Amino acid sequence: MSAHVPKRRRLSRLAVFFWGLLFFCRTAAAELIVFDEDDPLGADYYDASIGHASGASFLRLAATTGDKMPINTNSAASGGDSGVLAWTSKAGGAWEMHVFAPGFPILNLTSFDRLTMAFNGPESIRAIDLPDVILEDTKGQRRKISLGQALPGGVDAKLASWQRLEIPFTNFTANPAFDFARVKHVTFGQGPADGRNHVLWIDDLRFTSPVLQQRMTSPAKPAGLGIRSGDRSIALHWTGADGAEEYRVFRSDQAGGEFKEITGRVVRMQSFADVSVENGRRYFYEVQARNRAGASEFSERVSALPNAFQSNEEFLEYLQATAFDYFWCEADPVTGLVRDRSEPWSAASIAATGFGLTAIGVGIDHGWITRSEGAGRVRRILSALAAAPQGLEESAKSGYKGFFYHFLEPSTVLRF
């Protein structure tokens with residue numbers, strides 16, 4: 001049996017390019033993750049956030065839009081990054097940072113009963129000086145709690161360790177009109193106006209339930225590993241493992257040699273691009289799925305031999321093949337609808353699905369899939385669209401008189 005030794009390594013920006021060509025998919029989990037890692041859209045900010053300040057109050061913001069939560073890449077409770085709240089609260093002013101799940105989806109929290117998160121910071125913060133935590137639904141109804149009330153000891157000055165916190169929904173202010181089935185975001189907002197500068201790092205922000213946690217088991221092992229090699233690059237993708245929250249990729253240059261982990265960051269998509277390989281050397285890979293209950297068995301072992309492209313035609317064939325992988329692997333396994341973006345949270349789009357139908361013919365001609373496989377996928381897509389409900393209602397419909405909404409739920413084909 002081969003040994004597996006973790007080895008942290010940050011991915012290059014080129015890897016992010018490959019991510020856009022490969023396979024991402026949702027997985028069932030006993031927890032709903034809001035924020036645990038920077039998404040690939042921002043190098044130094046979290047894209048699924050909106051912050052603002054008014055009056056004399058201050059909130060540090062990032063990105064060219066000037067409204068995103070900055071990212072700390074030097075310390076994290078899990079993964080490689082954490083979010084940064086840097087503020088000054090003054091009388092007559094206000095500030096808020098809205099933290100969405102990636103892709104800004106509407107969250108159904110009816111299966112959960114608490115919000116959990118991790119904290120740290122460059123210096124201690126008294127409980128009385130901490131901001132408020134707010135849940136807001138799609139109609140603007142709110143439930144709020146002072147973070148200092150939930151964390152009476154405040155934030156300590158121990159940089160080496162992160163503090164963890166659970167806030168039951170019952171501890172938030174009551175609001176009978178609040179809709180737990182349609183929650184927009186978690187908000188951190190101005191608390192007492194103490195006029196002092198504060199910095200707080202947040203991470204591992206999620207909704208959960210002790211009942212669900214008790215039922216949680218280790219995930220199934222990843223299956224269906226596909227691999228393509230190019231010039232100094234190897235791209236892998238696999239089928240999502242039931243119960244997986246993240247994946248780890250291990251590599252060796254010998255079939256029976258020592259396998260080392262090469263995924264330094266949290267990988268939640270079902271694909272990975274290895275751009276730290278040399279041409280002319282064969283590499284072997286195994287993938288493991290993980291969640292809070294434990295780790296899966298290792299996947300089947302696959303290998304590839306990267307080589308320099310010998311012609312423009314060979315390069316174009318590789319580029320077309322990896323582009324095809326997006327439309328083929330990104331499709332919902334039941335309906336066949338193709339996600340609009342290479343992210344687990346993304347809606348399907350009628351445009352991406354149309355491109356996916358076109359790609360099927362290309363894939364058959366190139367021999368990447370069989371004619372039978374392509375025909376089966378086309379049948380699933382057209383059957384799902386034909387059966388989708390139409391009507392004038394704003395929800396629970398797919399379109400009107402044959403015209404479809406641009407964004408659709410991949411599994412239900414209803415308006416996203």
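Is Thr 353 buried or exposed? The legends below take up this residue and three other sites in a predicted model.

**View 1. Thr 353 and its contacts in helix 5.** Thr 353 belongs to helix 5, which covers residues 350-366, and with a relative accessible area of 2% it is buried, because buried means under 20% relative accessible area. When residues up to four places away in sequence are not counted, Thr 353 touches Leu 337, Val 338 and Ile 381.

**View 2. A nonpolar patch on the surface.** Phe 315, Leu 316 and Leu 319 form this patch, and together they have about 240 Å² of accessible area. Leu 316 is found in helix 4, which covers residues 312-329, and this residue is partly exposed, with a relative accessible area of 44%.

**View 3. Ala 63 and its positive phi.** Ala 63 is placed in the loop between strand 5 (58-59) and strand 6 (69-72), and its phi is near 75 degrees, a positive value in a residue other than glycine. Most residues other than glycine have a negative phi. With 28% relative accessibility, Ala 63 counts as partly exposed.

**View 4. Arg 232 and its positive phi.** Arg 232 lies in the loop between strand 15 (223-230) and strand 16 (233-239), and although Arg 232 is not a glycine, its phi is positive, at about 55 degrees. At 52% relative accessibility, Arg 232 counts as exposed, since the term exposed applies over 50%.

Technical notes:
Residues numbered from 1 in each chain as written. Predicted model: local features only at pLDDT ≥ 70, side-chain atom pairs only at ≥ 80, totals over all residues. Heavy atoms only, no water. Patch = residues over 30% accessible without salt bridge, like charges linked within 9 Å, V, L, I, M, F, W, Y side chains within 5 Å. Areas by Shrake-Rupley, 256 points an atom, 1.4 Å probe, with all protein chains shown as cover. Salt bridge = Lys/Arg side-chain N within 4 Å of Asp/Glu carboxyl O. Helix = DSSP H or I, 4+ residues; strand = E, 2+ residues; numbered from the N terminus. Buried < 20%, exposed > 50% of the residue type's maximum accessible area, 1.4 Å probe, protein only. Contact = heavy atoms within 4.5 Å.
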